[in-house]
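Student: Could we go through the terms used for this structure together? I'd like to see how each label is earned.

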Amino acid sequence: MAARLFLQHLVREAQSLDGAWGFQFPVEGTTIEPDAGAGQMVELEVPGVWEQHPHWRSYRGQAVATRRFEAPRTGVALLVFKGVSHTARVFVDGREVGGHHNAFTPFDCVVEELPAGEHELCVHVSNEHGALSSLHIPNDYYNYGGISRPVEVQFLQQHCWIDRVRATPRWDGAVWSLDCAVDLRNVGKSRCVEIQVRVDRSCVTHNVTLASGQTTASFALEVAGVVAWEPGEGRLYDLVAELHDDKGAFDDWHDRIGFREIFWDDRSLIVNRRAVFLRGVNRHEDHPLFGCALPLHQMRQDVAILQDLGCNAVRTSHYPNDERFLDLCDEAGILVWEENHARGQSVEQMREPQFREQCLAVTEEMVLAHHNHPSIVIWGVMNECASDTGLGRELYEEQLRRIRELDDSRPTVFASCQHGTDMCQDLPDVLGWNVYPLWYTDDRPAEVLESTRCYAAENGGAGKPLIISECGAGALPGYSDPIRRARWSVERQQDIVEDILTAYFENPALAGLFFWQFCDVRVDEAWAICRPRTMNNKGLVDEYRVPKPAYEAVKRVFRDR
Ligand code: ADA
């Protein structure tokens with residue numbers, strides 16, 4: 001299985017490590033002792049989660065995942081993990097080579113002189129709540145366990161390589177150009193290399209001296225004759241970067257890019273100089289058969305459903321998504337609000353010593369890794385955290401500043417629920433508010449919008465576009481009430497959704513509207529008391545993607561324009 005929808009390397013040799021891995025679980029009541037050979041061993045699919053196995057459906061703990069691979073020659077090897085849920089320690093032939101916190105961002109481990117021949121790769125995986133992670137807490141979605149996204153081993157020809165190219169399109173009124181930042185790594189001696197970047201018929205070549213460690217080379221490339229990427233029309237171009245020495249290319253890195261620019265004024269988001277009203281849903285990566293490790297065909301179905309519903313936008317609530325889903329959004333011309341991983345942390349939870357560092361790491365990893373996706377039009381951080389406190393303000397400020405340092409080409413946002421107390425409306429470029437009129441309160445949607453708008457404007461948010469980042473109601477699939485009043489009935493959900501559409505859809509006070517949520521999702525046991533079926537049931541489709549009546553209500557309005 002490929003980690004993207006296209007090949008990322010032709011010169012660099014990449015081997016997929018997806019498929020069956022051996023997972024060893026500890027004997028009940030003990031912690032894992034991987035070397036003792038104790039515990040139960042099962043074969044599980046990678047990408048996948050252990051909740052797919054009948055015995056480990058609700059297991060919260062550690063496991064050791066093992067497989068073997070073959071190195072064709074001695075040299076530098078890169079182990080690339082697109083996502084391990086949620087904490088990983090990585091060992092090659094018994095030696096620890098790296099690790100990572102957080103399920104939703106990629107990481108790699110460098111093995112500098114891996115001998116030719118067979119090797120054992122071993123990953124200690126944990127989905128525990130507690131000491132390891134301040135981001136993965138009992139939540140209104142489920143923290144699965146496993147190697148949930150693709151894995152590759154890449155064999156490098158020399159001691160330096162391309163980590164990525166961050167390409168930012170700019171339009172000067174006549175022609176497109178790309179600001180390229182090429183991130184390079186060198187584990188050998190200081191040396192000179194030639195970098196070549198090509199897009200369509202344009203090409204630029206640069207000589208760079210690479211000291212040991214990381215280097216970023218920046219330059220511009222003019223690209224004449226390309227057609228812009230637009231909402232609904234995802235025109236993509238191949239970007240190829242190569243490192244050359246006097247014998248030719250010895251490393252390469254391929255991506256797909258789109259030519260578009262994002263602006264915003266006091267009301268709207270603007271894509272290529274045209275204001276767009278965002279018609280979206282919030283989507284969790286979740287499915288009863290796959291957990292958070294959705295296979296590509298499920299992602300394709302989800303994109304087809306978004307299109308059928310008439311959405312032009314999706315919010316990756318509440319974490320960075322699998323890049324294959326972003327690839328599909330690039331192709332479909334769907335606008336993405338991508339956000340880092342933190343949902344609903346209280347000030348006490350934000351005070352945990354690891355929170356700041358882990359949350360900032362996710363933000364940095366997300367912005368660096370996903371920079372080139374034309375579909376991503378806005379970066380979000382820390383959904384519904386304590387933006388009504390001094391510490392919250394400090395952390396929102398720090399996160400948003402860091403995003404702007406890394407990428408000044410997209411606006412920033414966060415979704416607040418601190419009605420009447422939020423202290424951070426001056427910080428993001430765009431305002432996001434989660435509101436649940438007619439569900440958590442009896443207030444009318446129009447009144448809620450008016451009070452939210454006034455509060456934001458009077459507290460630092462004047463002159464910024466405002467998005468309703470969440471709104472909706474719950475419904476249990478198949479639970480019907482002919483008089484349309486019963487809580488959890490599909491009729492009541494439909495009525496609430498219709499009232500919301502009447503008040504918010506293309507309202508000139510708004511830049512967009514995201515329903516909560518795309519599909520029903522599994523939640524943590526700690527939430528079961530307020531979540532029938534241990535599910536968040538506010539999906540427009542159920543967990544198997546079967547539409548509820550509210551789906552048709554949204555579709556009628558989203559498509560009729
Ligand atoms: C919040 C939150 C979501 C979800 C939703 C709900 O706004 O951001 O993650 O929990 O409420 O269903 O209540």
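**Ligand and cysteines**

Tutor: Gladly! Let's start with His318, which has a polar side-chain atom 2.6 Å from an oxygen atom of the ligand. This is a predicted model, where local features need pLDDT of at least 70, side-chain atom pairs count only at pLDDT 80 or more, and totals for chains, interfaces and linings use all residues. Residues are numbered from 1 along each chain as its sequence is written, and side-chain values use heavy atoms, with hydrogens and water left out.

Student: What makes the pair between Glu384 and the ligand a polar contact?

Tutor: A polar contact is a pair of N or O atoms within 3.5 Å. An N or O atom in the Glu384 side chain is 2.5 Å from an oxygen atom of the ligand, so the pair qualifies. For Tyr440, a side-chain N or O atom also lies 2.5 Å from a ligand oxygen.

Student: How much of the ligand's accessible area does the protein cover?

Tutor: On its own the ligand has 310 Å², and the protein covers 96% of that (Shrake-Rupley method, 1.4 Å probe).

Student: Which classes make up the shell around the ligand?

Tutor: The shell has 6 charged, 4 polar and 3 nonpolar residues. Asp, Glu, Lys and Arg count as charged; Ala, Val, Leu, Ile, Met, Phe, Trp, Tyr, Cys and Pro as nonpolar; the others, Gly among them, as polar.

Student: How do you know that there are 0 disulfides?

Tutor: A disulfide needs two cysteine sulfur atoms within 2.5 Å, and a search of the whole structure finds 0. For Cys109, the nearest cysteine sulfur belongs to Cys122, 12 Å away, so Cys109 is in no disulfide.

Student: Why is Cys109 called buried?

Tutor: Buried means under 20% relative accessible area (1.4 Å probe, protein chains only). Cys109 has 1%, so the label fits. Cys292, at 10%, is therefore buried too.

Terms used. A polar contact is a pair of N or O atoms within 3.5 Å; within protein, one must be able to donate a hydrogen and the other to accept it, and residues adjacent in sequence count only if both atoms are side-chain atoms. Buried means under 20% relative accessible area, exposed over 50%, partly exposed in between (1.4 Å probe, protein chains only).
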